[in-house]
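Please open the structure in a viewer and keep the selection tool at hand. The stops below proceed from one selection to the next.

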Amino acid sequence: MALLDASDGPLTIPQIHALALKAEKGKKVGIATVYRTLALLVEKGEARTVVLPSGETRYEHAHHGHHHDHFQCRLCGHVFDLHQCPVGLPDGATLPGGFTVESHELTLIGLCPKCSEKAVKPKKAAAK
Ligand SMILES: [Zn+2]
Ligand SMILES: [Zn+2]
C-alpha cells in the first residue's frame, strides 16, 4: 500500500482511510475496505501492526520490518519511526535475575520537532 510506504510512522485506520480518500480523489472508499485491505496485507506479510502503550493499534509497511522503535508526540499524537535505536541492549543480553533478552519494542513519548517549537515559542515571547 503506497500510502503506508510513504508515511513516516505507523498510522491508525481512520488516518489511512482519510489518506485513501485523498489518494482516490473523490472516489468512495469505505472504511470496511480499508480494514479488509489491511488485514490482507498483514496476512501477506506486507504490512504489520504496531500496538502502542496506550493500547492503540496502528499499521505500518512491512519493509519497516528492520528493527526500529517509535516515538509518539503527546501533543499532536503523531507516531514517528525512529531510525536510531535508543536502547543500548543487544539481543541475547542477560539481565540480572536471569532474563535473556530476545528483542524489544519501544515507544518513547514526548514532543515532536513541530510541537516542541510551538511549546517553546510562547514562553520566549512571555519572557520579553
Ligand atoms: Zn507533535
Ligand atoms: Zn530498538
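**First stop: L4 and the nonpolar core**

Select L4: leaving aside residues up to four places away in sequence, L4 touches L11, A47, Y59, E60 and H61, where contact requires C-beta atoms, placed from the backbone, to lie within 7 Å. The model is predicted, so local features need pLDDT of at least 70 and side-chain atom pairs count only at pLDDT 80 or more, while totals for chains, interfaces and linings use all residues. Residues are numbered from 1 along each chain as its sequence is written, and chains are lettered from A and ligands numbered from 1 in the order in which they are written.

Next, extend the selection to M1, L4, L11, I16, V34, A47 and Y59, the 7 residues of the largest nonpolar core. Such a core is a set of buried Ala, Val, Leu, Ile, Met, Phe, Trp, Tyr and Cys residues joined through C-beta atoms within 7 Å. A residue is buried if 20 or more other C-beta atoms lie within 10 Å of its own, exposed if 12 or fewer, and partly exposed in between, with C-beta atoms placed from the backbone.

**Second stop: the whole chain**

Zoom out and colour by secondary structure. The chain has 4 helices and 7 strands, in the order α-α-α-β-β-β-β-β-β-β-α from the N terminus. Helices (H or I, at least four residues) and strands (E, at least two) are DSSP runs, numbered from the N terminus. The radius of gyration is 18 Å, well over the 14 Å that the globule rule gives for 128 residues, so the chain is more spread out than a compact globule; the radius is taken over C-alpha atoms, and the rule is 2.2 Å times the number of residues to the power 0.38. Along its principal axes, the C-alpha trace spans about 55 × 55 × 20 Å. Buried residues make up 12% of the 128 residues.

**Third stop: helix 3 and H63**

Select residues 31-43, which form helix 3. At 1.5 Å a residue, its 13 residues should span 18 Å, and the end C-alpha atoms are 18 Å apart, which agrees; the expected span is 1.5 Å times one less than the number of residues. G45 follows helix 3 and has a positive phi, near 80°.

From G45, move to H63: their C-alpha atoms are separated by 9.4 Å, and the two are 18 residues apart along the chain. H63 lies in the loop between strand 2 (57-61) and strand 3. Is H63 buried or exposed? H63 is exposed, with 11 other C-beta atoms within 10 Å.

**Fourth stop: the sheet**

Select strand 3 (residues 69-73) and strand 4 (residues 79-82), which run antiparallel and are joined by 4 bridges. Two strands pair if DSSP finds at least two bridges between them. They form a hairpin with 5 residues between them, and G77 in the turn has a positive phi of about 80°. Q72 stands opposite V79, and H70 has D81 as its bridge partner.

Now add strand 7, which pairs with strand 3 in the parallel sense over 4 bridges; here C73 is partnered by G110. The 3 strands form an open, mixed sheet in the order 4-3-7. Its edge strands are strand 4 and strand 7 (107-110), each pairing on one side only.

Finally, show the side chains of strand 3. H70 and Q72 point to one face and are buried, whereas D69, F71 and C73 point to the other and are not.

Conventions
Contact = placed C-beta atoms within 7 Å.
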